[in-house]
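Me: I'm new to this one, so could you walk me through it a bit at a time?

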Amino acid sequence: MDCNCCSSENVNDLANTFNAQRAEGDAESYLKKGLSKRGRSLLAYLFNHLQSPATVLDIGCGAGGAHHELLRRGVVSQVIGVDASPAYLQAAQANAERLGVGAAVTYHQADFAQAAQQFEAADVVLLDRVICCYPYLRELLAPAAARARHYLALSFPVEAGWLRLPFRLLDGLLTLFGSKYHPYLHRRAEVIAIAEAAGLQSVHTDRSGFWQIMVFARGHGLAGLTD
């Protein structure tokens, strides 16, 4: 596993919050049950529109279920997985080997917002449940969008008033129990604006529970793209 990181700053305590116990649980869940409904919704558009073999930059890749599924289905050939949590990268690496796709994935321990210059563009950039864990949306999403040759696919909490109170309660409980981690609700309009500034346009939206799914595409060829 290649581990590159440009800074020792642990923004939002991600490396400690997403620990070995959580990583092992997520990895085992994928092996036993496959992707969650949210994960399937995130990848559905890509399965229907990707022209193989594609490359993927999976930012905040976690235990790797999304890119493992893309590799197993044969729609991508190479993946770069980036995550701030060493425990999750170890779990992702272990699952990749178990699933026989280890040779197609290179993992990097890094905060992508701090280390973006280290990573080249890919056909697809994924951010599944990532921006809600990061306080600085533009610093994370803008370089991610800039590296999407064809598609940027992400999931994040829906923009709904009823979610604000649960998020505040969760944040308060985390602080009460000594956690330095905080969840974030970022505005959909800001997500769209950042993607469009990078030359991308929305081509697909969906919803899974309180998660919204958005897929953006690079400008050329959009006339032939539909939901």
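What follows is a short chat about a helix, a loop residue and some aromatic rings.

Reply: Gladly, and please keep in mind from the start that this is a predicted model.

Me: OK, which residues of helix α9 are buried?

Reply: In α9, which runs over residues 188-197, the buried residues are V191, I194 and A195. They sit on the same side of α9, because the arc they cover around the axis is only 100°.

Me: Why would residues a few places apart point the same way?

Reply: An α-helix has 3.6 residues a turn, so residues three or four places apart point the same way.

Me: And what do the buried residues of α9 pack against?

Reply: They pack against the helix α7 (137-146) and against three strands, namely β5 (148-157), β6 (200-208) and β7 (211-218).

Me: What about G199, which follows α9?

Reply: G199 has a positive phi, near 90°.

Me: Which residue has a positive phi although it is not a glycine?

Reply: That is R129, with a phi of about 55°, and R129 is found in the loop that lies between β4 (122-128) and α7.

Me: Is R129 buried or exposed?

Reply: R129 counts as partly exposed, because its relative accessibility is 37%, and the buried class would need a value under 20% while the exposed class would need one over 50%.

Me: Switching to rings, how many aromatic pairs are there?

Reply: A search of the whole structure gives five aromatic pairs.

Me: Which ring does R38 lie over, and what about R73?

Reply: R38 lies over the face of W211, at 5.9 Å from the ring centre, while R73 lies over the face of F47, at 3.8 Å from the ring centre.

How values were computed:
Residues numbered from 1 in each chain as written. Predicted model: local features only at pLDDT ≥ 70, side-chain atom pairs only at ≥ 80, totals over all residues. Heavy atoms only, no water. Buried < 20%, exposed > 50% of the residue type's maximum accessible area, 1.4 Å probe, protein only. Helix = DSSP H or I, 4+ residues; strand = E, 2+ residues; numbered from the N terminus. Arc of directions from axis to C-beta. Contact = heavy atoms within 4.5 Å. Phe/Tyr/Trp six-rings, centres within 6.5 Å; stacked < 30°, edge-to-face > 60°. Lys NZ or Arg CZ within 6 Å of the ring centre and 35° of its normal.
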